[in-house]
Amino acid sequence: MSKITRGNPPNLKNVRKNVYSHYVRVDEPKALIFLSGQLSRDAEGRLAGAGDMAAQTRQCIRNMRTVLEAAGGTLEDIVSVVVYTTDMREFNNIVAARTEFFIDKLPTSTIVEVNHLADPGLLIEIQAIAAL
């Protein structure tokens, strides 16, 4: 089993410590799982949460959980995420939805605003790496 250490240096303030860790160190991982960007689609591939950033964020994370479980992991194994959003003004809604799923084992995180995602109606995509 790998040893995972998450932290924030004392001399670098983390202004959103309930959302991410400045670093995640993984010693001797048994396995790494690289998740493709997950979108707000239900199990049948239909758009979920049309026009609602928080609902789409939740669906992305539920899809991440499904993918991880199929690969032998859990959301707690995620060490890094990259979030792509079409509207940074929705940042607080994204954070609120994320904190429903990520409570204490926080990954590193990057968020980027983009012009468009793969299909119209998609507002967010989340890519992740997990370590077992």
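**A helix across a four-stranded sheet**

Helix 1, which spans residues 53-71, lies across strand 3, strand 4 and strand 6, and it runs at about 30° to strand 6. The model described here is a predicted one, and the path taken below starts from the strands that helix 1 touches, then turns to the sheet they belong to and finally to a pocket.

The sheet itself is open and is formed by 4 strands in the order 3-6-4-5, with mixed pairing. Strand 3 and strand 5 (108-113) stand at its edges, and because each has a single partner strand, one side of each is left without a neighbour in the sheet. On average, and with direction ignored, neighbouring strands of this sheet are turned by 10° against each other.

Strand 6, which covers residues 124-131, is a good place to follow the pairing in detail. Of its 8 residues, 6 are buried, that is, they have under 20% relative accessible area, and strand 6 is therefore largely enclosed by the rest of the structure. Strand 3 (residues 32-38) is joined to strand 6 by 5 bridges, and the two run antiparallel; within this pairing, phenylalanine 34 stands opposite isoleucine 129 of strand 6. Strand 4 (residues 78-85) also pairs with strand 6 in the antiparallel sense, here over 7 bridges. Isoleucine 129 appears again in this second pairing, where serine 80 stands opposite it, and further along, valine 83 has isoleucine 126 in strand 6 as its bridge partner.

Which sense of pairing, parallel or antiparallel, links strand 4 to strand 5? These two strands pair in the parallel sense, over 6 bridges. Serine 80, already met opposite isoleucine 129, has threonine 108 as its bridge partner in strand 5, while valine 81 is matched in strand 5 with serine 109. Read across the sheet, then, isoleucine 129 stands opposite phenylalanine 34 and also opposite serine 80, and serine 80 is in turn bridged to threonine 108.

There remains the largest pocket, whose volume is about 160 Å³. Its lining is made up of Met1, Ser2, Ile4, Arg6, Glu76, Asp77, Lys105, Ala131 and Leu132. Sorted by class, the lining residues comprise 4 nonpolar, 1 polar and 4 charged. One of the residues that line the pocket, Ala131, belongs to strand 6, which runs over residues 124-131.

Notes. Residues are numbered from 1 along each chain as its sequence is written. This is a predicted model: local features need pLDDT of at least 70, side-chain atom pairs count only at pLDDT 80 or more; totals for chains, interfaces and linings use all residues. Side-chain values use heavy atoms; hydrogens and water are left out. Buried means under 20% relative accessible area, exposed over 50%, partly exposed in between (1.4 Å probe, protein chains only). Two strands pair if DSSP finds at least two bridges between them. Axes are lines fitted to C-alpha atoms, for helices over the stretch in contact, and angles run from 0 to 180 degrees between N-to-C directions. Contact means heavy atoms within 4.5 Å. On a 1 Å grid over the protein atoms alone, a cavity is a set of points where a 1.4 Å probe fits but cannot get out, and a pocket is an open set with protein on both sides within 12 Å along at least five of seven lines; lining residues have an atom within 4 Å of a point. Grid points are joined across faces, edges and corners, and a volume is the space filled by probe spheres set on the points. Ala, Val, Leu, Ile, Met, Phe, Trp, Tyr, Cys and Pro count as nonpolar, Asp, Glu, Lys and Arg as charged, and the others, Gly among them, as polar.
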